[in-house]
Amino acid sequence: MHQSDAPDIVVVGGGLIGVLTAVELADRGARVVILEKDDIGFEQSGRSVAAINLPGGDVNAGPRSMLRLTAEQWSGFEDRWGCGIDLNDEGWYIVVADAEDEAWLEIERATWHSTAGFSESQIMDAEAARKRFPQLEGPFLALDARHGGHVDAVMVMNGLRQVASRLGIEIRCGTMATGFQKRGEAITAVETNAGSTACGTVVVAAGLWSPYLCDQLGLHIPMQRVRAPAVETGPLPPNTIPGFLRGATFGARQNRNGTIRVTGGYRFSAMLHDLSLNDLRDLRIWGPALWQNRKDVSFRFDPAGLKAEISSAIARRRAGEGQTVVPQGYQPPSNPRDRYSQLRALGELIPAVRGARVHRSFSGVMDLTPDLQPVIGRIPELENAYVATGFSGHGYMYGPGACYALSQMIVEGATTIDLESYRPERLRTKMKMREQIF
Ligand SMILES: Cc1cc2nc3c(=O)[nH]c(=O)nc-3n(C[C@H](O)[C@H](O)[C@H](O)COP(=O)(O)OP(=O)(O)OC[C@H]3O[C@@H](n4cnc5c(N)ncnc54)[C@H](O)[C@@H]3O)c2cc1C
C-alpha cells in the first residue's frame, strides 16, 4: 500500500551513485530514503582511486556530454555541496615508455577526443616532461598531459553523508533490499530484511548487486565482477607523484598525507577474477574477451567469496521466489604481492619511490558491463523504476554528471544531456564484451 507519509523516492545503494542521486533528487524537492545493506561507501566507492577529469582548454565539439558535465560538477563540488573532497587538480599524466604504448595511445586518443568533455591534451617529450617534473628520472619517451586529478573517495562519501542529512534524506544502513511489490507496471514498495517501504519511485544503484534486483524487474544486466587490488605506501615527500600518473603497468596518486596509492596500469591492469557462480551467467558474452585478455587477468579462487555467494543463494531459496539476498560485509581478499610489480615499475620511473614500504593493502571489486558503459535510465516496461549501475571502473569519472541527469529525468521528465548510449534497452541487443577489458 502506498502510504501518504511514504517517501517519494527509495534509492537502493549507498555508494557514490546512490547517495549523489539521492542528494540531487532532494535538491530538486523530492523526499528520499536510501537503503544500504552495509554502510555508506562500503563497497566500490570508498575504495576507489577516484581519478577524475576536470575542465580546461577546448570543450569537445557537439552537445554537452556526461563526461563534460561530470568534470564541471567536480570542479564546483565543494562550493555547491559545502563539503571538502580534497580536490587535486594537478593533472592527469599518461606515461609513454615504448612503441607499444605509443600505438595504444594513438587508439585511445581517438576515443578521448570523441568522448571526453574537454579533450585538449598536450604531448611533452621526455626532456620537456623532466624539466617540469624532475622527479621522473627513469626512462620514458613522452607524457600525455590532460586536465584532471583526483579526489579523496572517503572524504567524498563522508561529505555526501552529511549533505544527505542536511537535505533531510533518511539513510538506513544495514538494510538490504530484497524485492519489490508491484501493481500493474508500477512499483509500490521495496521489500527489505526489515519490512517493506512504500515508494512513489525506486532507483536501483546497488553496484555489483544491481543485476539480482533488476532481474526481478525484468531487466537482465550481464555484469562481470573483477577484483582490483590496491596498495598504499607510507608517507613520502610532497610532489613525489604529479596529479594522477598512469603508466602501462601502474596507476599512482599521492594522498594529502604523503602516502601513495598504486593500482593497475592502462595496458596491463592486472585485474583478478575470482571464480564464482556468477561466471556461469553470460559466459557466452565474457568468454571470448577473457580468453583474449588471459595474460592480463589472473584467475583466483576466493573461498570466502564463494561461501558468501553460496549462503546468499541458499538464503534466496529459503526466502522464496522473487527475493534477492546478497552478501553483506564482504571484504575481498588482498595481498600486497598483487601490486609489487607495479610498485617496482613506478620506482624505476621515480626513484624516490624505490624501497617505499607498503603500509596498507586492500581490494575493491568492480562492476563491468560488456561495453564498459554504465546503465542509466528508466527500466523498460515499468513506470517508476530506474537504474544507475555498471560504471565499469569509471564511477568517479561519470558519477556527478550521471546522477545530475538521472535526477532531472526523474523529477523533470527530461535531461539536459543525452543519455541515449547508456539506456538499459541496449542490454537487450546481442552484446559482446569489449576486448580491451579495462
Ligand atoms: C580499487 C578501485 C579503484 C577505482 N579507481 C577509479 C578511478 O580512478 N576513477 C573512477 O572514475 N572510478 C574508479 N573506480 C570505480 C568507482 O569507484 C566505481 O565505479 C563507483 O564507486 C561505483 O559506485 P556505485 O555507487 O555504483 O557502487 P558501490 O560503491 O559499489 O555502491 C553500491 C552500494 O549498494 C549497496 N547494495 C548492494 N545491494 C544492495 C541491496 N540489495 N540492498 C541495499 N544496499 C545494497 C552496496 O552495499 C554498496 O554500498 C575504482 C574502483 C575500485 C574498486
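The legends below describe close-up views of a predicted model.

**View 1. The shell of residues around the ligand.** The ligand is surrounded by 42 residues. Those closest to the ligand are G13, G15, G207, G364 and G395. By type, the shell contains 22 nonpolar, 15 polar and five charged residues. Several helices and strands each supply at least two residues of this shell. The helices are helix 1 (16–27), helix 2 (44–47) and helix 12 (395–412). The strands are strand 2 (32–36), strand 13 (224–233) and strand 19 (358–368).

**View 2. An open sheet of six strands.** The strands of this sheet follow the order 8-2-1-12-21-20, and their pairing is mixed. Strand 8 (170–173) and strand 20 (375–378) each have a single partner strand, so one side of each has no neighbour in the sheet. On average, and with direction ignored, neighbouring strands in this sheet are turned by 15° against each other. At one edge, strand 20 pairs with strand 21 (residues 385–389) in the antiparallel sense, over four bridges. One pair of bridge partners here is V375 and T389, the latter in strand 21.

**View 3. Helix 12 against the sheet.** Helix 12 lies across strand 12 (201–204), strand 20 and strand 21. Relative to strand 21, helix 12 runs at about 175°. Helix 12 also supplies at least two residues of the shell around the ligand.

**View 4. An open sheet of three strands.** Here the order is 9-10-11 and the pairing is antiparallel. Strand 9 (177–183) and strand 11 (195–198) are the edge strands, and each of them pairs on one side only. From one strand to the next, the twist averages 30°. Strand 9 is joined to strand 10 (residues 186–192) by six bridges. Among the residues involved, K182 has I187 of strand 10 as its bridge partner. Strand 10 is joined to strand 11 by four bridges, again in an antiparallel arrangement. T192 has G195 of strand 11 as its bridge partner. Strands 10 and 11 form a hairpin, with two residues between them.

**View 5. Strand 6 and its two partners.** Of the five residues of strand 6 (residues 142–146), four are buried. Strand 6 pairs with strand 4 over five bridges, in the antiparallel sense. In this pairing, Y93 stands opposite A145 of strand 6. Strand 5 (residues 121–125) is also joined to strand 6 by five bridges, and these two strands run antiparallel. M124 stands opposite L143 of strand 6.

**View 6. The buried face of helix 11.** In helix 11 (residues 340–349), the buried residues are Q342, L343, A345, L346 and L349. These residues line one face of the helix, because they fall within an arc of 160° when seen down the helix axis. Their cover includes strand 4 (92–96), strand 13, strand 15 (251–254) and strand 16 (260–263).

**View 7. T240 and N239 in a loop.** Both residues belong to the loop between strand 13 and strand 14 (244–246), as shown for T240 and for N239. T240 counts as partly exposed because it has 19 C-beta neighbours inside 10 Å, and 20 or more would make a residue buried. Leaving aside residues up to four places away in sequence, T240 touches Q135, Q254, I260, I350, A352 and V353. T240 and A352 are 112 residues apart along the chain, yet their C-alpha atoms are separated by 7.1 Å. N239 also counts as partly exposed, with 13 C-beta neighbours inside 10 Å. N239 is not a glycine, but its phi is positive, at about 65°. Most residues other than glycine have a negative phi.

**View 8. L372 in another loop.** L372 is found in the loop between strand 19 and strand 20. Phi of L372 is near 55°, which is a positive value in a residue other than glycine. L372 is partly exposed because 16 other C-beta atoms lie within 10 Å. Of the two strands that flank this loop, strand 19 supplies at least two residues of the shell around the ligand, and strand 20 is an edge strand of the sheet in View 2.

Technical notes
Residues numbered from 1 in each chain as written. Predicted model: local features only at pLDDT ≥ 70, side-chain atom pairs only at ≥ 80, totals over all residues. Near = placed C-beta within 6 Å. Nonpolar A, V, L, I, M, F, W, Y, C, P; charged D, E, K, R; others polar. Pairing = 2+ DSSP bridges. Axes fitted to C-alpha atoms, helices over the stretch in contact; angles between N-to-C directions. Buried ≥ 20, exposed ≤ 12 C-beta atoms within 10 Å, placed from the backbone. Arc of directions from axis to C-beta. Contact = placed C-beta atoms within 7 Å.
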